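Reader: I'm new to this one, so could you pick a single part and take me through it slowly? After that, I'd like to see how it fits with everything else.

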Amino acid sequence: MSPLKSIIAFGLLITSAFSFGVAHAETKKIVLVAGKPSHPPRMHEFNAGVQLMAKCLSGVPEVDVQFVLNGWPQDETIFDDADAVVFFMDGGGKHEIVQQDGRRLKLIDDWAKRGVGLGFMHYGVEVLADQAGNEMKRWIGGHYEHLFSCNPIWQPAFESFPEHPVTRGVEPFEIKDEWYFNMRFVADIVGNRSDEAAGIKFVPILVAVPSADVRDGPYVYPRGPYPHIQASEGRAEAMMWTVEREDGGRGFGFTGGHFHDNWGNDNFRKVVLNGLLWIAQAEVPEGGVKSSVSASDLDANLDPKRSRK
């Protein structure tokens, strides 16, 4: 082989290796963790929900979406090399993340320190303050706190959005759900405007003003009303928010997701799918994630539950 041909061949080899490395580096792994079945049919359908989200993201290039069903995985190697982990499950004192005497909390904290994106959805945003409140503030900027936050079923109108990758392609919408609000945010910020606190860049994504009737309750549990919730009449509240952490990682909290059929709403679905990509530091398409969901998709993978009379 002539010297010129050798140089060209070597150049092609280096280019090919570099291209392979770049493609591999750009592939983002997202792990969706579903909680165990709870609530009546078509509510808290965590297993069906993560499978539906995975299906909606299946056509997004350079993204590898994997899911775990029925709680914390027995084989934790699924978390290896994850760019983002999202928890869609029941919370409170029996939250999956607080089990094993804090071992799981430490594991997730180690992920966060490495810049892994973290997301918590619906009941999954609730923890007991003395169990995991500080961790949740560090990871995603806040959490639901019993008797401080509230959980009415209502229909907020999300009419405007910040300039943010998670809002790409999202149009104004309103939808009935068990939208929690009055979260316990980091540094006790209200959370209805962008802010920076404790090394966290905080941006509210879905914001609306609950009516006086919504603030008066009833809430799902305890029924309320809570005087401090009533006292904030007229104040806008955040029901989805994002954070950028000092460790380089990202996070989000999303308080909707009680009613499974809400995944059929294009904008409800898009803002969450965009959020999944964003916390994994994958590119969010200019018009947001495009997906479609049919009635059969919504009926797929539902947990076998008995209706409550």
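Author: Let's start with V284, which has its place in the loop between α7 and α8. One thing to keep in mind as we go is that this is a predicted model. Is V284 buried or exposed? With a relative accessible area of 3%, V284 is buried, since the cut-off for that word is under 20%. So what does V284 touch? Setting aside residues up to four places away in sequence, the list is P165, R168, N274, L277 and W278. Of these, N274, L277 and W278 fall within α7, which runs over 266–279. If you'd like a sense of distance, take H44: along the sequence V284 and H44 are 240 residues apart, and in space their C-alpha atoms are 27 Å apart.

The helix on one side of that loop, α7, also leads us to another part. Both α7 and α8 (295–299) are among the elements that the buried residues of α2 pack against. The others are the strands β1 (28–34), β2 (63–68), β3 (84–88) and β4 (117–121). Helix α2 itself covers residues 46–56, and ten of its eleven residues are buried, so the rest of the structure largely encloses it. Those buried residues are F46, N47, A48, G49, V50, Q51, L52, M53, A54 and C56.

For another buried spot, hop over to H143, in strand β5 (residues 142–143). Its relative accessible area is 1%, so H143 counts as buried too. Which residues is H143 in contact with, once neighbours within four places in sequence are left aside? They are V125, V127, A129, G133, M136, K137, S149, M183 and R184.

Now zoom out to the whole protein. Its secondary structure comes to eight helices and twelve strands. The radius of gyration is 21 Å, close to the 19 Å that the globule rule gives for 309 residues, so the protein is as compact as a globular protein of that length. The C-alpha trace spans about 85 × 45 × 45 Å along its principal axes. Buried residues like the ones we visited make up 51% of the 309. And if you count contacts with a separation of 6 or more, 74% of them join residues 24 or more positions apart.

As for the outside, the accessible surface comes to about 14,300 Å², and carbon and sulfur atoms hold 52% of it. Finally, there are 31 positive and 41 negative charges, and their mean positions are 3 Å apart.

Note on methods: Residues numbered from 1 in each chain as written. Predicted model: local features only at pLDDT ≥ 70, side-chain atom pairs only at ≥ 80, totals over all residues. Heavy atoms only, no water. Buried < 20%, exposed > 50% of the residue type's maximum accessible area, 1.4 Å probe, protein only. Helix = DSSP H or I, 4+ residues; strand = E, 2+ residues; numbered from the N terminus. Contact = heavy atoms within 4.5 Å. Rg over C-alpha atoms; globule rule 2.2 N^0.38 Å. Areas by Shrake-Rupley, 256 points an atom, 1.4 Å probe, with all protein chains shown as cover. Lys, Arg positive; Asp, Glu negative; His and termini not counted. Charge placed at Lys NZ, Arg CZ, Asp CG, Glu CD.
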